[in-house]
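Dear colleague,

I am handing over the structure we spoke about, and below it you will find my notes on what turned up in it. Please read them with the coordinates open beside you.

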Amino acid sequence: MIPVSKPLLGQDELSAVKEVLRSGNIIQGTKVREFEEQFARYIGTEYAIATNSGTSALHTALLAGGVKKGDEVITTPFTFIASANSILYVGAKPIFVDINEQDFNLDVAKISEKITNKTKAILGVHLFGQPCDVKNITDICNDHNLLFFEDACQAHGAKYGNKKVGCFGIANSFSFYPTKNMTTGEGGIITTDSKEIVEKSQMIRNHGQKEKYIHTLLGYNHRMTDIAAAIGICQLKKIERFNQARQKNAKELTQKIKGITGLIRPTVKPRVNHVFHQYTIRVTEQYGIPRDELIPKFKERGIGTGIHYPMPLHKQPLYKKLGYKDRLPVSEKICNEVLSLPVYPSVTRKNIDTIVRVLKDYA
Ligand SMILES: *Cc1c(COP(=O)(O)O)cnc(C)c1O
């Protein structure tokens, strides 16, 4: 059985972890600093601040950016719940704007109608590795004096125009969870050009301390370990190759499943570099069998699949309890159609042929 996603860890990571363990310095230290410098250089920002998860990165970024109780933050309902929950963590209110069917990202035409005098920021998510409409979102932010934050947790190395995502917003978050394009086990990082964001974030992640045991603000323990950072340094050397392999697999799938009635293949927008965190097709009513019956067919042939995501955030029990009653028809429809197929670097041509075979057999 091949899973829908899988990290690639090898001898390099093993040696790097051994070296850290032997050193005895396993908590946030020199490896974290080295990883931060290298990640910032890779993305193209001045600074990076490592954390112990993508969720912690989002939480820290919003706090450091000054988002607080009473503020509204516009975001997408079609994402992993951490995007919106991080807004709740800081006491602000997520305002959901529907997505577009082409790339599953925020529909920028629907943003303006949700802006109020409480709107503080837009949190743009680059879903499945495809950048959201950065140009139009930053224009809206400039026109309405809003902050732009990127949730780049699925988009390490993705580009919008000729710049990598993670350098457009004021404080931008990445995750290194094992399913992501690169991993540190658990882990995350914020990228920014702002010295002020760096200083605040470093304090927030470490219990509000600037000096040891002098706590000037309410902080958290959001620190990354040197063990994780050592893995990250190894993974960062391979991320471009990893992404190229994902793109090659995606291209092959897209060519081979062309013309199957009822299947909609992922679109890649012009002028972006889509890094295919997920390769997600839509199985519509015109396809031979319902999506939920297709999943066990893949399983029989040894192929794992995933539904990213089965329920939009405004429909989640948590958000319903909070009083959300939005009707966001595109995300509500897409949730019933999406199916993610294995696309990670170690997926073989034989695996791809099996995937294509299954899709054709039930067309
Ligand atoms: C994975 C992910 C997160 C959270 O990252 P963790 O490292 O799992 O905390 C946030 N947003 C998006 C879009 C993600 O995919």
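**Salt bridges**

Lys238 forms a salt bridge with Glu13, and the closest N and O atoms of the two are 2.8 Å apart. Please bear in mind, here and below, that this is a predicted model. The pair links distant parts of the chain, since Lys238 belongs to helix H7 and Glu13 to helix H1, with 225 residues separating them. Lys238 is buried, at a relative accessible area of 12%, and Glu13 is buried too, at 3%.

A second pair that joins remote parts of the sequence is made by Lys269 and Asp103, whose side chains meet in a salt bridge at 2.7 Å, N to O. Lys269 lies in the loop between strand E12 (263–264) and strand E13 (272–273), while Asp103 lies in the loop between E3 and E4, so this salt bridge ties together parts that are 166 residues apart in sequence. Lys269 counts as partly exposed, with 22% relative accessibility, whereas Asp103 counts as buried, with 5%.

A local pairing is found in helix H2, where Lys31 and Glu34 lie three residues apart, about one turn of the helix, and where their side chains meet in a salt bridge of 3.8 Å, N to O. Lys31 counts as buried at 18% relative accessibility, because the limit for that term is under 20%, and Glu34 counts as partly exposed at 31%. Beyond these pairs, Glu101, Arg282, Lys333 and Glu337 are linked in a network of salt bridges, and the count for the structure comes to 18 salt bridges. As general background, side chains of opposite charge can pair when their charged atoms come close.

**Nonpolar cores and a surface patch**

The largest nonpolar core has 25 residues, and those with the most contacts inside it are Tyr279, Ile281, Tyr287, Leu294, Phe298, Leu341 and Leu359. At least two residues of this core are supplied by each of helix H7 (226–256), strand E14 (279–283), helix H8 (291–300), strand E15 (338–341) and helix H11 (349–361). The largest share, five residues, comes from H11. If you would like one residue from which to inspect this region, Leu359 touches Ile257, Ile260, Leu263, Ile281, Tyr287, Leu294, Phe298 and Leu341, when residues up to four places away in sequence are not counted. Apart from this core lies another, of 24 residues, which includes Ala48, Ala155, Ile189 and Leu236.

In soluble globular proteins, nonpolar side chains tend to be buried together. Against that background, a nonpolar surface patch of about 290 Å² deserves a look, made by Leu21, Ile26 and Ile27. Ile27 has its place in the loop between helix H1 (11–23) and helix H2 (30–43), and this residue is exposed, with a relative accessible area of 61%.

**Backbone geometry**

Most residues other than glycine have a negative phi, and most peptide bonds are trans. Where does the chain depart from this? The peptide bond from His308 to Tyr309 is cis, with omega near 10 degrees, and Tyr309 is found in the loop between H8 and helix H9 (317–321).

Two phenylalanines also call for attention when you check the torsions. Phe104, although not a glycine, has a positive phi of about 65 degrees; its place is in the loop between strand E3 (93–96) and strand E4 (119–125), and Phe104 is buried, with a relative accessible area of 6%. Phe128 is likewise not a glycine and has a positive phi of about 60 degrees; this residue is found in the loop between E4 and helix H5 (134–144), and Phe128 is buried, with a relative accessible area of 3%.

**Cysteines**

How many disulfides does a search of the whole structure find? The search finds zero. For Cys153 the reason is distance, because its sulfur is 13 Å from the closest cysteine sulfur, in Cys132, which is too far for a bond. Cys153 counts as buried at 8% relative accessibility, and Cys234 is buried as well, with a relative accessible area of 10%.

With best regards

Notes
Residues numbered from 1 in each chain as written. Predicted model: local features only at pLDDT ≥ 70, side-chain atom pairs only at ≥ 80, totals over all residues. Heavy atoms only, no water. Core = buried A, V, L, I, M, F, W, Y, C linked by side-chain atoms within 4.5 Å. Buried < 20%, exposed > 50% of the residue type's maximum accessible area, 1.4 Å probe, protein only. Helix = DSSP H or I, 4+ residues; strand = E, 2+ residues; numbered from the N terminus. Contact = heavy atoms within 4.5 Å. Patch = residues over 30% accessible without salt bridge, like charges linked within 9 Å, V, L, I, M, F, W, Y side chains within 5 Å. Areas by Shrake-Rupley, 256 points an atom, 1.4 Å probe, with all protein chains shown as cover. Salt bridge = Lys/Arg side-chain N within 4 Å of Asp/Glu carboxyl O. Disulfide = S-S within 2.5 Å.
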